[in-house]
Amino acid sequence: MSQLQDYRLLTFDVYGTLVDWEGGILAALQPALDRNGAQLSREHILHVFHELERDQQARTPEMQYSDLLSTVHPTLLQQLGLSAPTSEESKAFGDSVGHWPAFPDTVDALKRLSKHYKLVVLSNVDRASFAKTNAGSLQGFPFDLIITAQDIGSYKPDLNNFRHMLAAVQERFGIEPSQVLQTAQSQFHDHHPARTVGIKSVWIVRPGAIMGNLDETSFRLRLYQWLWRLRNLSTPLRLRGSLVRLRRFHESPLLALICLLIPFPSWKFPLPDPVAPIDIVGNVELEENKLEHLDDLRSIPLWRARDTPLRSLYRMYEAMISGMYEALGPETEYFWYQRNWSLQGIRDPRDTDPVRYAILACLVEELVVAFNWRLSLGLRRDCNHIMRETGKDSFPPYAPLSAPIWTSSVPAISPENLDLFPPEYVSDVSKLVLEADGLNKVFARRNIVTNVGWLYTI
């Protein structure tokens, strides 16, 4: 059976896999829905759109995707029972592609994958639309090669798109088809044609996705999933998968796994010696080295069971003060789904460094705000999320979280605490500046200038 290390290049269908294609379509249609006072189900809208889009792509394969969207827009509204749009409204619908949001896990995943694979785009949009997306929600990520439907003159699932891609990556990178892995959500657009031309593929499951997942193809892929699980039966500890992870960076993975089973010096891991703020402030290279294998470790159930919320909090501190803010998002997500971890239950670290102690306290207090925000949206730490049918439905009730008592007694940073810091990290009024023009009020109370957007990624 193929392993990920057998591949050298990942090809991505972008819209639906990396970018919220369905959410973008629905958002672009919202003005028309509001104008008509219509309350249509998400499933109905997307099914109608998908049929129209597929038919138009087959009839006009040379048409740019933004123009194609503008073309189907009037017919889409007609079939949804909505009033006819103006030409300006149809053009705005077509131009919306570049504003569709990326999924929260996309950019971080791309950064990690780029350390091991060539990353290539094989998208059904046009060059201009993708350029806007890449500059926007994909944060300018540097793909190794970008191939759009406009470059080829046809839309997936046309096999010519995949053959064009295979020829391009072989010419540019010397990579054979057996070393290419198609990475996508849509069975219709990607998995079936990829299999036809002899490319292996991996299914990125976006919960609730409708377009591209036809009933008969969905059943087939789900059958493959169940067969794979039967072939690879394992315990909840996932020891076999843990060994695979440990082999990536440990010389003796079996010994490392055995050590994880031994409760020494205690079952819960002790807190590592924290890095002094003056040693790590702005030091992204140091933080990258510390995080090099963290994704693998977080994927090992035994390691997760022995990890603690306080250790996670210190990792957040290091990410923030080093300037590697993008590491806060995955760590926050990891903490959120460790459902036995309680923010209120985080013990007082009684940290002897006043700067570090202040940052830790602020992080706990802001995490309470961020987690309550998630709960207010219907997200639940046990993954049993509460979904609203329409945007007009009321938000679900929840029991708000609160911070531990000790944070309220942690003092603000004083000017003398910053005497040894580089001048670019100290403001004229003796505040610690981690992000220029930072506006967060929780951190401001302790004389820290920063923003906290990464705590709110979902």
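**View A. Contact between helix 1 and helix 2.** W21, E22, I25, L26, L29 and L33 of helix 1 touch R42, I45, L46, F49, H50 and E53 of helix 2. The model shown here and in every view below is predicted. Helix 1 covers residues 21-36, and helix 2 covers residues 42-59. Their axes lie 11 Å apart and make an angle of about 105°. Angles of 65 to 115 degrees count as roughly perpendicular, so helix 1 and helix 2 are roughly perpendicular to each other. By class, the contact holds eight nonpolar residues, one polar and three charged.

**View B. The five-stranded sheet.** The sheet is open, and its five strands run in the order 3-2-1-4-5. Pairing is parallel. Strand 3 (145-148) and strand 5 (200-203) form the edges. Each has a single partner strand, so one side of each is left without a neighbour in the sheet. From one strand to the next, the twist averages 25°.

**View C. Strand 1 beside strand 2.** Here the pairing of residues 9-12 (strand 1) with residues 118-123 (strand 2) is shown. The two strands are parallel and share four bridges. One position to find is L9, which stands opposite K118 in strand 2.

**View D. Helix 3 against helix 4.** Helix 3 spans residues 65-79, and helix 4 spans residues 87-95. The two pack at an angle of about 130°, and their axes are 7 Å apart. That angle makes helix 3 oblique to helix 4. The crossing is right-handed. Helix 3 contributes S66, L69, S70, H73, P74 and L76 to the contact. Helix 4 contributes E89, S90, K91, F93 and G94. These residues divide into four nonpolar, five polar and two charged.

**View E. Helix 17 against helix 18.** Helix 17 is made of residues 309-322, and helix 18 of residues 328-337. Their axes come within 10 Å and cross at roughly 165°. Angles over 145 degrees count as roughly antiparallel, so helix 17 is roughly antiparallel to helix 18. The crossing is left-handed. On the helix 17 side, the contact residues are P309, S312, R315, M316, A319 and M320. On the helix 18 side, they are L328, E331, T332, Y334 and F335. The contact has seven nonpolar residues, two polar and two charged.

**View F. A salt bridge between R206 and D105.** The side chains of R206 and D105 meet at 3.1 Å, N to O. The pair links distant parts of the chain, 101 residues apart. R206 sits in the loop between strand 5 and helix 10 (215-231). D105 sits in the loop between helix 4 and helix 5 (106-113). A search of the whole structure finds 24 salt bridges.

**View G. The cis peptide bond at P157.** The bond from K156 to P157 is cis. Its omega is near 20°. P157 belongs to the loop between helix 7 (149-152) and helix 8 (159-173).

**View H. The cis peptide bond at P265.** F264 and P265 are joined by a cis peptide bond. Omega is about -5°. P265 is found in the loop between helix 12 (253-261) and helix 13 (277-280).

**View I. Backbone of Q139.** Phi of Q139 is near 55°. The value is positive, in a residue other than glycine. Q139 lies in the loop between helix 6 (127-135) and strand 3. Strand 3 is also an edge strand of the sheet in View B.

Note on methods
Residues numbered from 1 in each chain as written. Predicted model: local features only at pLDDT ≥ 70, side-chain atom pairs only at ≥ 80, totals over all residues. Heavy atoms only, no water. Pairing = 2+ DSSP bridges. Axes fitted to C-alpha atoms, helices over the stretch in contact; angles between N-to-C directions. Parallel < 35°, antiparallel > 145°, perpendicular 65-115°, else oblique. Left-handed = near helix turned anticlockwise from the far one by under 90°. Contact = heavy atoms within 4.5 Å. Nonpolar A, V, L, I, M, F, W, Y, C, P; charged D, E, K, R; others polar. Salt bridge = Lys/Arg side-chain N within 4 Å of Asp/Glu carboxyl O.
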